[in-house]
Amino acid sequence: MTRSACLIFNPVAGQSDPDQDLAQIRKILAPEIDLEILLTTAEVDADELAKRAIARGVEALIASGGDGTLSAVAAALVGSNIPLGVIPRGTANAFASALGLPDTIAAACETILGGATRQVDAAFCNGKPMVLLAGIGFEAETVEKANREAKNRFGLLAYILAGFKQLQEMEAFEAEIETEDRIITVNAVAVTVANAAPATSILAQGPAGVIVDDGLLDLTVVAPANVAGAIAASYHLFRTALTGNATNRDDIGYLRAKRCKITANPPQKVVLDGEIVGTTPLEVECIPRGLTILVPPVTVEMPLEEKLEGLPGLTVEYKLESLEQAL
Ligand SMILES: Nc1ncnc2c1ncn2[C@@H]1O[C@H](COP(=O)(O)OP(=O)(O)OP(=O)(O)O)[C@@H](O)[C@H]1O
């Protein structure tokens with residue numbers, strides 16, 4: 001690990017006690033790293049603090065908060081070689097989940113101290129940095145309906161409840177998707193462009209597993225005919241994410257591309273990394289390996305065709321050969 005780092009900490013993220021969280025982080029990291037701690041405020045957000053720290057020439061940045069804070073710090077780092085440490089403390093923690101990062105404070109801090117890095121793709125969406133995904137249609141509406149009050153009361157369930165509300169009101173639109181080699185026109189309810197996506201972002205799951213360092217964006221088009229179809233398609237995509245088998249329904253399509261431009265008729269709201277940022281058109285370009293992230297030392301990809309979690313008395317030990325192959 002580097003000798004110094006700047007920690008950008010959101011004291012109002014998630015539902016845990018921020019003083020306790022910060023004390024725990026300090027206790028693990030401060031003995032090993034010269035740690036500068038900056039707290040976000042209602043006026044000065046993570047994006048601004050990250051940009052200032054980068055301008056000062058920090059050795060590493062550590063972001064701790066919800067997905068908004070983590071994405072903002074990551075976005076400020078796109079195209080730099082400064083490593084990013086991630087300590088998730090939000091409601092959904094999609095960022096950590098999409099990149100296979102630990103979601104407890106202790107494990108996240110140990111990962112940072114371990115110092116192993118991985119370069120992952122980033123992207124630009126309508127000129128703004130994008131780490132996870134951009135969507136139009138259903139995904140955008142879901143974010144808008146999962147408001148702060150609901151997130152505080154229901155946590156992750158807020159997104160699911162918002163999704164169900166949206167299902168009842170879904171409206172199709174005509175989408176034109178232009179990639180580096182094709183123009184596709186389709187009637188859709190949702191189009192999602194993912195650079196990285198957690199399994200819970202079901203509308204990004206057409207390809208069954210978004211690849212985070214292939215230099216390509218993963219596009220999923222969902223086009224159910226009615227509410228019953230939408231529920232079936234959602235369930236199918238959820239299973240797709242879990243089983244790793246790409247979708248085979250007629251009302252779900254997917255493709256990979258280096259860049260894409262999407263127009264919609266009627267125009268649709270655009271959500272970028274969890275925030276509504278405007279309306280279509282939507283232009284996304286992949287920035288291959290644009291982000292350097294501090295990761296657990298050995299990432300062993302679990303084969304997706306299996307399910308072991310939940311079995312009584314379960315332990316899993318990786319054999320030496322499989323670790324060598326993964327390295
Ligand atoms: N000290 C603060 N006081 C009030 N608001 C803050 C403060 N610091 C950051 N914010 C606001 O917090 C938001 C970012 O929250 P973040 O995504 O980190 O957590 P979260 O909303 O709890 O996470 P999740 O989206 O996973 O629920 C931004 O809108 C930012 O302006």
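Helices, in the sense used on this tour, are DSSP runs of H or I with at least four residues, and they are numbered from the N terminus. With that in mind, select G115, which sits just after helix α5 and takes a positive phi of about 80°. The model you have open is a predicted one, and G115 is a convenient place from which to step back into the helix.

**The helix before G115.** Select residues 105-114, which make up α5, and colour I105, A108, C109, T111 and I112, since these residues are buried. If you look down the axis of α5, the buried residues fall within an arc of 155°, so they line one face of the helix. An α-helix has 3.6 residues a turn, so residues three or four places apart point the same way. Now add α1 (18-29), β3, β4 and β16 to the selection, because these elements are included in what covers the buried residues of α5.

**The largest core.** Next, display the side chains of I8, L61, V73, L84, F95, L99 and L291, which have the most contacts inside the largest nonpolar core, a set of 39 residues. At least two residues of this core come from each of β1 (4-9), α2 (46-56), β3 (61-65), α3 (67-77), β4 (84-88), α4 (94-98), β5 (117-125) and β16 (282-294). The element that gives the most is α3, with six residues. To see one member in its surroundings, centre the view on L84, which, leaving aside residues up to four places away in sequence, touches L61, A63, V73, A74, L77, F95, T292, I293 and L294.

**A second core.** Separate from this core is another of 24 residues, and I136, A188, V191 and C286 are among them.

**The open sheet.** Keep I136 selected and extend the selection to strand β7 (residues 133-137), which runs antiparallel to strand β14 (residues 269-272) and is joined to it by three bridges. Within β14, the residue that stands opposite I136 is V270. Both strands belong to an open sheet of six strands, with antiparallel pairing and the order β12-β11-β10-β7-β14-β15. Its edge strands, each pairing on one side only, are β12 (252-257) and β15 (275-279). From one strand to the next, the twist averages 20°.

**The whole chain.** Finally, zoom out to the full protein chain, which has ten helices and 16 strands. Of its 327 residues, 48% count as buried, while the chain exposes about 15800 Å², with carbon and sulfur atoms supplying 52% of that area. Among contacts between residues at least 6 apart in sequence, 71% join residues at least 24 apart.

Key. Residues are numbered from 1 along each chain as its sequence is written. This is a predicted model: local features need pLDDT of at least 70, side-chain atom pairs count only at pLDDT 80 or more; totals for chains, interfaces and linings use all residues. Side-chain values use heavy atoms; hydrogens and water are left out. Buried means under 20% relative accessible area, exposed over 50%, partly exposed in between (1.4 Å probe, protein chains only). Contact means heavy atoms within 4.5 Å. Accessible areas come from the Shrake-Rupley method with a 1.4 Å probe; for residues, only the protein chains shown count as cover. A nonpolar core is a set of buried Ala, Val, Leu, Ile, Met, Phe, Trp, Tyr and Cys residues joined through side-chain atoms within 4.5 Å. The arc is that of the directions from the helix axis to the C-beta atoms. Two strands pair if DSSP finds at least two bridges between them. Axes are lines fitted to C-alpha atoms, for helices over the stretch in contact, and angles run from 0 to 180 degrees between N-to-C directions.
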